[in-house]
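This report is meant for a reader who is meeting the structure for the first time. It goes through the packing of the interior, one helix, and the aromatic and cysteine residues.

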Amino acid sequence: MNSLLETGIVEALYAASQAGVQIDLIVRGICSLRPGVKGLSENIRVRSIIGRFLEHSRIFYFLNGGQEEVYCGSADWMPRNLFERCEVVFPIHDPQISARIRNEILTALLADRQKTRVLNASGVYTRIPGLDSRQPAFSAQDFFVQAAEGKASTENIPHIPAPVPPSRRKRVSHIKSVK
């Protein structure tokens, strides 16, 4: 998304993190959430990708009790988008479209090592730590251009290990809404 500013959503994300939910956010612009704060947001990672395109996908992927859910939408998580405009978020039910969004778009964005900056707990964006010559300098935006031209496919996306192995992720039965 472009910006994450809505207080209720930030508080709900903090509550989810405290319950053990692993959260990866790609927020291109302003983000009022602070990731990596022990006891508050240590299970949240925030990255920003700014390249030659000003695109910012609004894709939401949930592994809800083992059931994958994919949504797309128009709204950033900002008060003006959520409360003052007519915005929409819709589920993706088609398995092929869902798989393509997950395996091509989200995987490429999370694998980006060229333009990605990571937000730390103090509110400062830095390059991805540990980037060295053993890891490819993969650009998601360059990949998308090459894929559109038929010159790249999902095999060209480097495998990036998950921050927490799925077998060690805590299953949360419900998260209480924060008002």
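How many residues has the largest nonpolar core, and which of them have the most contacts inside it? In this predicted model, the largest nonpolar core has 17 residues, and those with the most contacts inside it are Leu4, Leu13, Leu25, Leu33, Ile44 and Val46. At least two residues of this core are supplied by each of helix H1 (7-18), strand E1 (23-26) and strand E2 (44-49), and H1 gives the largest share, which is five residues.

The surroundings of Val46 show how this packing looks from one position. When its neighbours within four places in sequence are left aside, Val46 is in contact with Leu25, Val27, Cys31, Leu33, Pro35, Arg117, Val118 and Leu119. A second core, separate from the one already described, has nine residues, and Ala108, Leu109, Ala111 and Ala140 are among them. As a general background, nonpolar side chains in soluble globular proteins tend to be buried together.

Helix H3 covers residues 95-111, which makes 17 residues, and from its first C-alpha to its last it reaches 22 Å, close to the 24 Å expected at 1.5 Å a residue. At the N-terminal end of H3, Asp94 acts as a cap, with a side-chain oxygen 2.9 Å from the backbone nitrogen of Gln96. Ser98, Ile101, Arg102, Glu104, Leu106, Ala108, Leu109 and Ala111 are the buried residues of H3. These buried residues pack against E1, E2, strand E3 (59-64), strand E4 (67-73), strand E6 (116-119) and helix H4 (140-148).

Turning to the aromatic residues, the structure holds three aromatic pairs. In one of them, Phe138 and Phe143, the ring centres are 5.8 Å apart and the planes stand at 45 degrees, so the pair is tilted. Phe138, Phe143 and Phe144 together form one aromatic cluster.

The cysteines can be considered alongside: the structure holds zero disulfides, although Cys31 and Cys72 are each described below by their accessibility. The table sets out two of the aromatic residues and these two cysteines, for which the cut-off for buried is under 20% relative accessible area.

| Residue | Relative accessibility | Class |
|---|---|---|
| Phe138 | 9% | buried |
| Phe143 | 2% | buried |
| Cys31 | 8% | buried |
| Cys72 | 14% | buried |

Cys31 thus appears twice in this account, as a buried residue at 8% relative accessibility and as a contact of Val46.

How values were computed. Residues numbered from 1 in each chain as written. Predicted model: local features only at pLDDT ≥ 70, side-chain atom pairs only at ≥ 80, totals over all residues. Heavy atoms only, no water. Phe/Tyr/Trp six-rings, centres within 6.5 Å; stacked < 30°, edge-to-face > 60°. Buried < 20%, exposed > 50% of the residue type's maximum accessible area, 1.4 Å probe, protein only. Disulfide = S-S within 2.5 Å. Core = buried A, V, L, I, M, F, W, Y, C linked by side-chain atoms within 4.5 Å. Helix = DSSP H or I, 4+ residues; strand = E, 2+ residues; numbered from the N terminus. Contact = heavy atoms within 4.5 Å. Expected span 1.5 Å × (residues − 1). Polar contact = N/O pair within 3.5 Å; in protein donor to acceptor, adjacent residues only side chain to side chain.
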